[in-house]
Amino acid sequence: MPNSAESLRVVALGGNALSPPGGAQRYAVEREAIAAVAPRLAALAAGGHRLLVVHGNGPQVGRLLRSDADTDDLDLHVAQTQGELGYLLAEALERACASPCAALVTRVLVDPEDPAFATATKPIGPVLPACPPSAPSVAVSGGWRRSVASPRPLAVIERPAIATLLRDHHVIAGGGGGVAIARGASGSRGMAGVIDKDRVASWLAIA
């Protein structure tokens, strides 16, 4: 945790704040959006506050799903976008705050028996002109979107590492709600689910 002279501020940034809706899905746009966000984060850090930033990744995962539509790879997509956005946020925030920042690929435990896995209602990816025949989907304005489960977070696996880093870093963690991980007798496995980033931000703030 931060030292006794500091307080912790947990910030949840939506994915659309980092890649504005309706804009081109280009890295240059993402860089510009993050450059605009960084001074606001720096203002929150003013006065010795330590920041823990949790970000969304919906538009970024949607971009990856255009070339790999298999939702069984969703854990990889979440991890990839955590690296992408974590890097950009850490660089921009470090410049704005003149303080060290760290970005952490974060895994979050979920229950494989969570009822959410029986009702895949979370839309992901681009709008499709027709209902995909072999994947859960929901009707949206203009067409259809694939859908996945949104399970409740049970624990953040990297929580001890986050606490250690917060002693002398601002930290970007829990991106996209974290990579959904289930553990059982046969070991750990990534799950095709999107965890709500605000739930994970709340869990981390309380922890």
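Q: Buried means under 20% relative accessible area, and exposed means over 50%. With that in hand, is Asn 57 buried or exposed?
A: This is a predicted model, and Asn 57 is found in its loop between strand 2 and helix 3. The relative accessible area of Asn 57 is 8%. Since the cut-off for burial is under 20%, Asn 57 counts as buried.

Q: Which residues is Asn 57 in contact with, leaving aside its neighbours within four places in sequence?
A: Asn 57 has a relative accessible area of 8%, so it makes sense to look at what surrounds this loop residue. Asp 198 is 141 residues away in sequence, and its C-alpha lies 12 Å from that of Asn 57. The contacts of Asn 57, with close sequence neighbours set aside, are Gly 15, Val 78, Thr 81, Leu 85 and Gly 176.

Q: How many of the ten residues of helix 3 are buried?
A: Let's follow the chain from Asn 57 into helix 3, which spans residues 58-67. The buried residues there are Pro 59, Gln 60, Val 61, Gly 62, Arg 63, Leu 64 and Leu 65. Helix 3 is largely enclosed by the rest of the structure because the buried count, out of ten, is seven.

Q: Which elements are included in what covers the buried residues of helix 3?
A: Helix 3 is largely enclosed by the rest of the structure, so you may want to pick out its cover on screen. Among the residues being covered are Val 61 and Leu 64. The cover includes helix 1 (15-18), helix 2 (27-45), helix 4 (74-97) and strand 5 (122-128).

Q: How many disulfides does the count come to?
A: A disulfide is a covalent bond between the sulfur atoms of two cysteines. The rule here asks for two cysteine sulfur atoms within 2.5 Å. The cysteine sulfur closest to that of Cys 101 belongs to Cys 97, and at 5.8 Å it is too far for a bond. For the structure, the count comes to zero.

Q: Is Cys 101 buried or exposed?
A: Another cysteine, Cys 131, is partly exposed, with a relative accessible area of 37%. Cys 101 has 12% relative accessibility. As the limit for burial is under 20%, Cys 101 counts as buried.

Q: How far apart in space are His 169 and Cys 101, C-alpha to C-alpha?
A: His 169 sits in the loop between helix 5 (159-165) and strand 9 (170-172). Beyond residues up to four places away in sequence, it touches Arg 50, Pro 100, Cys 101 and Ala 102. His 169 and Cys 101 are 68 residues apart in sequence, while their C-alpha separation is 4.9 Å.

Q: What is the phi of Ala 98, and where does this residue lie?
A: Most residues other than glycine have a negative phi. Ala 98 is not a glycine, yet its phi is positive, at about 55°. With 71% relative accessibility, Ala 98 counts as exposed. Its place is the loop between helix 4 and strand 3 (101-103).

Q: What separates the C-alpha atoms of Ala 118 and Ala 149?
A: Ala 118 lies in the loop between strand 4 (107-109) and strand 5. It counts as exposed, at 68% relative accessibility. Ala 149 is 31 residues away along the chain, and the C-alpha separation of the pair is 7.5 Å.

Q: How far apart in space are Ala 46 and Gln 82, C-alpha to C-alpha?
A: You can find Ala 46 in the loop between helix 2 and strand 2 (50-55). At 45% relative accessibility, Ala 46 counts as partly exposed. Gln 82 is 36 residues from Ala 46 in sequence, and the distance in space is 25 Å.

Q: What radius of gyration does the protein chain have?
A: Now for the whole chain, with its six helices and eleven strands. Its C-alpha atoms fill a box of roughly 55 × 45 × 20 Å along the principal axes, and buried residues make up 45% of the 207 residues. A compact globule with 207 residues would have a radius of gyration near 17 Å; the chain agrees with this, having 17 Å.

Terms used
Residues numbered from 1 in each chain as written. Predicted model: local features only at pLDDT ≥ 70, side-chain atom pairs only at ≥ 80, totals over all residues. Heavy atoms only, no water. Buried < 20%, exposed > 50% of the residue type's maximum accessible area, 1.4 Å probe, protein only. Helix = DSSP H or I, 4+ residues; strand = E, 2+ residues; numbered from the N terminus. Rg over C-alpha atoms; globule rule 2.2 N^0.38 Å. Contact = heavy atoms within 4.5 Å.
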